[in-house]
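Hi everyone, thanks for coming. I'd like to walk you through one model today, starting with its domains and ending with the ligand. Here it is on the screen.

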Amino acid sequence: MVPKFDVAIVGAGVAGCLMAAGLAKKGLSVCLIERKPISKIGVKVCGDALIADSKLKEIGFQPPKGYVERELYGFKVYVPGLDVITLKAKVLLLDREGFGRWLFERALDQGVTPFESTIAINPIISDGWVKGVKVKRLNEPPLTINSGLTVDASGVASFLRRKLPREWWVSEEVTRYDLALCYREIRLAEGFDDDYCSIYYDQAISPMGYLWIFPKSKGKVNVGVGLRMNVKAPLREVLHHHLACDPRFNSSRILHAGWGVVPARHPLKCFTSNGFMVIGDAAYQATCGLGEGLRPSIVSAYLAAQEAAEAAYYGLEDLWGYNVKYLKTLGLAQVQSAAFTYYFERLSDERRNKLLSNFAEGSFNLEAFLNFKIDAKILAHSAKLGLQQFKELIGEWRLVREVKSIYTAYPEASKNYPEWSLRADNFWSKIKASTY
Ligand SMILES: Cc1cc2nc3c(=O)[nH]c(=O)nc-3n(C[C@H](O)[C@H](O)[C@H](O)COP(=O)(O)OP(=O)(O)OC[C@H]3O[C@@H](n4cnc5c(N)ncnc54)[C@H](O)[C@@H]3O)c2cc1C
């Protein structure tokens, strides 16, 4: 007999587990399809830093204390030749595996049916609708799972979405430039008493990328480097070269090393189709420039579950509210970050300094910074620094203001999407072609 569920979700990462639990709690029949064996669910190469800001508070999400290894006060941003910029935020350094497993167990507790060691191979499409998913287990024939709603939570591979017809709005093309390859190590090292995560933007060390040092508990430090996939660089050597200049790593020991890919672009412009939704990394919802995808995956899973639970039917129009709610809230800060990052990455260290020197006075709230709130204090400071700095600030502000106005006008109904989408595409192609 062909199994049938109200909702089939592909991917038991943060996004998939949370959405599955949310829907099952509302009484829907939900299955969760994961290619990993059950013993590996929760394992993910990650920086482990969850930004616990007002967005998580609003949706009432809090990771259990047992999986928080250390609580930090934000990020210190280092750019050569500049004073450090402090971005204040509550940052939780997680026991990532334990956290992932906890999310999975929560989904099971709500009655979600798991298909572990099971690879989703194709969406089932009929009459312009996604009607389920074809899956495969090792040494077993393919199995068809029918579902009213099918959700792609397969991470950066965006596995199901990429197999949908090209003309569907959700089928936005993603290139290697839109992804960052990361190499990260967990090390045992002494001397990390600072209660901040450190991020380094240095064109000489990591061109078009970033390097991080996140102190955890019990002498553990999470360190890594991420670069756009179109930039060829020996990432491991890049990281080791940087750590060799820091005496705190002199006698450090590697506990775990691994690779991973993180979205490095703006979120998709549309996350829904008939009978289909995409959430988390599969929807490219990580914050560009920071590689921060945990909080966005949590928020998107919550919003998508809420929308699906309230939908009378799973048509594009019924699910549209998820696009609007995500892109007008967290998405709005993310498109500004993406616009800023595309612009910033192409600047020389000298121009980066001029731009960032406008912010190098004191410290900022991360949420306000990601929303590029330029207040009177920053403007006055900039005016004092000189014309070049002021010009850089205004250039950046113009750009961020433009993208903000486009996404603030995100259509409330799908019929207005094609016109809006053209406007957004024009903006992104202009900025990617560096015509600013
Ligand atoms: C090196 C690195 C460092 C990072 N550091 C941070 C950080 O410090 N803070 C932060 O907020 N974010 C960080 N991120 C990003 C964060 O880890 C992701 O944004 C987040 O885990 C995304 O969750 P997800 O559920 O969308 O996807 P994933 O966690 O990737 O889950 C997707 C799941 O789908 C499964 N899957 C894929 N294809 C199939 C298929 N065909 N069939 C069945 N199952 C499938 C996968 O096995 C996986 O379990 C980092 C990412 C990387 C790579």
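Before anything else, a word on what I mean by a domain: the bounds I'll use come from an automatic or database domain assignment. And please keep in mind that this is a predicted model.

So, how is the protein divided? Domain 1 takes in 4–46 + 98–174 + 265–328, domain 2 covers 63–94 + 176–263, and domain 3 is 334–432.

Now to the ligand. The shell around the ligand takes at least three residues from domain 1 and at least three from domain 2. There are 41 residues around the ligand, and those that come nearest are G13, G47, G155, G280 and G293. Which elements each supply at least two residues of that shell? On the helix side we have helix 1 (14–25) and helix 5 (294–310). The strands are strand 3 (49–51), strand 7 (118–126), strand 10 (179–188) and strand 14 (253–263). By class, the shell has 20 nonpolar, twelve polar and nine charged residues.

Let's turn to domain 2 and domain 3. Their C-alpha centres are 24 Å apart, and 15 residues of domain 2 are in contact with 15 residues of domain 3. On the domain 2 side, strand 4 (68–78) and strand 5 (85–94) are the elements that give two or more residues. Strand 5 makes the largest contribution there, with five residues. If you colour that side of domain 2 by class, you'll find nine nonpolar, four polar and two charged residues.

That's my tour, and I'm happy to take questions.

Note on methods: Residues numbered from 1 in each chain as written. Predicted model: local features only at pLDDT ≥ 70, side-chain atom pairs only at ≥ 80, totals over all residues. Contact = placed C-beta atoms within 7 Å. Helix = DSSP H or I, 4+ residues; strand = E, 2+ residues; numbered from the N terminus. Nonpolar A, V, L, I, M, F, W, Y, C, P; charged D, E, K, R; others polar. Near = placed C-beta within 6 Å.
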